[in-house]
Amino acid sequence: MRSYEEELKFIEKISPSCWRIKKGFVPNMNVEGVFYVNQHLETLMFEELRNSVGHGDGGSIGGFLPGVKQIANVAALPGIVGRSVGLPDIHSGYGFAIGNMAAFDAADPLAIVSPGGVGFDINCGVRLLRTNLEEKDLLPVKEQLTQMLFDHIPVGVGSKGVIPMNAKDLEEALEMGMDWSLREGYAWAEDKEHCEEYGRMLQADPSKVSMRAKKRGLPQLGTLGAGNHYAEIQVVEEIYDRHSAKVMGIDRTGQVLVMIHSGSRGLGHQVATDALVEMERAMKRDKIEVNDRQLACARIHSQEGQDYLKAMSAAANFAWVNRSSMTFLTRQAFAKMFQSTPDDLDLHVIYDVSHNIAKFEEHIVDGRQRTLLVHRKGATRAFPPHHPLIPVDYQLTGQPVLIGGTMGTCSYVLTGTEQGMLETFGSTCHGAGRALSRAKSRRNLDYTDVLAQLARQGISIRVASPKLVMEEAPDSYKNVTDVVDTCHAAGISKKCVKLRPVAVIKG
């Protein structure tokens, strides 16, 4: 086993905010790895590596390898192109680190798809709504509005949705995504325009989703869930790029916005679990070797690979229907509170973007265009101006990129850049990224202290389980501003707007 000093020989700084992991750091690397950090995040990254040296099980702590090792292990997967990329919010996860993206050549018969590169919460993502309200309109009714949102949107573990849904509806929602929401009257036509993939992955095949997954998903449509998911009322604190912000309908500080962060709930988790079982069998049959058994995978064009992609796409559609349903409930709550209509309150979707997904995209690799299967796990798509896959309104500014903070901290809106297309396959960070494990957060923090801190900040909060607050406390996470500033400095996305929370709804 190598010492920490020996490990460091394989890692070198190549720019003020980027480090390279050379081939040989772990066995069988096909490409190099990189990770983006500033000085503070760099310390966390190397501390994690140092603490893992000397541990059995290849340096695993608490069942997961350090982020640097996970980036390198992904670089050893068959068919990977470019580099295995770690974004500034990176932290250990199942197989792939959370905040790790990688692209695989769809034309390479050996290239793989890995559920660990998508995550268990398929299409966990963020949606941002604007309003024409200002903070002064909000303050007199803030507590009532927070309670009304909490009453409208079911939250917490095991929460059940209020959107009517039977087995036939679920099949159609899995296939149609936001087209189902539109047909049923839960979405506006322009919501779809302002959603990644227009809210529908056409590859979806509900027949590839197990009955167990469907049973788990059926009662959960239109629910927020628990963990780091939330609905937040936010106000614009700072505008860095006035032109891009104005195109999004953000034109002044103090403007009220709503951010919804949620995913595919139990359905997506079951799809991932089912696929991992199938892929372990496929790996034995096809003799696929990986450095970490959590990186279970299958050839893209194998039966198992195709089945997973079709089921994953259906789960992604479920997540978009879920966020659309919560948008509908949010619009209802605001309309009731302000005795107006959602349209008159300008409750339009600015954008909806996923940060746990695998998708086929066209990218330039070694000077030629290739179709790649891009895995983004805890990573957000960030396409530049003039990209054909972003809405017409954002063609001149670049795709809005939504970066959610953690409870009580600010969030950001960024825009995609050409530099990001070249370096990270049009990907950037997704949030703050954990600094403490959930277990450590529960041991180190007291929920009454966390709630008192939020009250001092003037943030209204409603939670289904107050003790879960410790796991999501700001101290459990990296500083989201550090993360965003690193992406901005590296040029892989560009700061546009900073948002401050005034009310939080959590599971």
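**Exercise 1.** In this predicted model, classify Arg 2 as buried, partly exposed or exposed, and determine which residue's side chain meets that of Arg 2 in a salt bridge.

*Solution.* Step 1: Arg 2 has a relative accessible area of 29%. Step 2: buried means under 20% and exposed over 50%, with partly exposed in between; Arg 2 is therefore partly exposed. Step 3: the salt-bridge partner of Arg 2 is Glu 7, with an N to O distance of 2.8 Å. Step 4: Glu 7 has a relative accessibility of 5% and thus counts as buried.

**Exercise 2.** Determine which parts of the chain are tied together by the salt bridge between Glu 304 and Arg 285.

*Solution.* Step 1: the closest N and O atoms of Glu 304 and Arg 285 are 2.8 Å apart. Step 2: Glu 304 belongs to helix α13 (residues 303-338), whereas Arg 285 belongs to helix α12 (residues 265-286); the pair therefore ties together parts that are 19 residues apart in sequence. Step 3: Glu 304 is buried at 15% relative accessible area, while Arg 285 is partly exposed at 47%.

**Exercise 3.** Analyse the salt bridge between Asp 352 and Arg 323 by location and by the accessibility of Asp 352 and Arg 323.

*Solution.* Step 1: the closest N and O atoms of this pair lie 3.0 Å apart. Step 2: Asp 352 is in strand β11 (residues 349-354) and Arg 323 is in helix α13, so the bridge joins parts separated by 29 residues in sequence. Step 3: Asp 352 has a relative accessible area of 0% and is buried; Arg 323 is likewise buried, at 0%.

**Exercise 4.** State how many salt bridges the structure holds, and which residues are linked in a network of them.

*Solution.* Step 1: the structure holds 33 salt bridges. Step 2: Glu 135, Glu 237, Lys 498 and Arg 500 are linked in such a network.

**Exercise 5.** Explain why the residues annotated as "binding site" gather at one spot.

*Solution.* Step 1: the annotation, from an unreviewed UniProt entry, covers Asp 121, Cys 124 and His 229. Step 2: these residues span 109 residues in sequence, yet no two of their C-alpha atoms are more than 10.9 Å apart, so they gather at one spot. Step 3: Asp 121 is located in the loop between β6 (112-113) and β7 (125-134). Asp 121 is buried, with 18% relative accessible area.

**Exercise 6.** Identify the residues that form a patch of negative charge on the surface, and place Glu 190 in its element.

*Solution.* Step 1: the patch gathers Glu 190, Glu 193, Asp 343, Asp 344 and Asp 393. Step 2: Glu 190 lies in helix α9 (residues 189-193). Step 3: Glu 190 is partly exposed, its relative accessible area being 33%.

Note on methods
Residues are numbered from 1 along each chain as its sequence is written. This is a predicted model: local features need pLDDT of at least 70, side-chain atom pairs count only at pLDDT 80 or more; totals for chains, interfaces and linings use all residues. Side-chain values use heavy atoms; hydrogens and water are left out. Patches are made of residues with over 30% relative accessible area and no salt bridge: like charges are joined within 9 Å, nonpolar side chains (Val, Leu, Ile, Met, Phe, Trp, Tyr) within 5 Å. Accessible areas come from the Shrake-Rupley method with a 1.4 Å probe; for residues, only the protein chains shown count as cover. A salt bridge is a side-chain nitrogen of Lys or Arg within 4 Å of a carboxyl oxygen of Asp or Glu. Lys and Arg count as positive and Asp and Glu as negative; His and the chain ends are not counted. The place of a charge is taken as NZ of Lys, CZ of Arg, CG of Asp or CD of Glu. Helices (H or I, at least four residues) and strands (E, at least two) are DSSP runs, numbered from the N terminus. Buried means under 20% relative accessible area, exposed over 50%, partly exposed in between (1.4 Å probe, protein chains only). UniProt positions are given in the numbering used here, feature names are shortened, and annotations may be inferred rather than shown by experiment.
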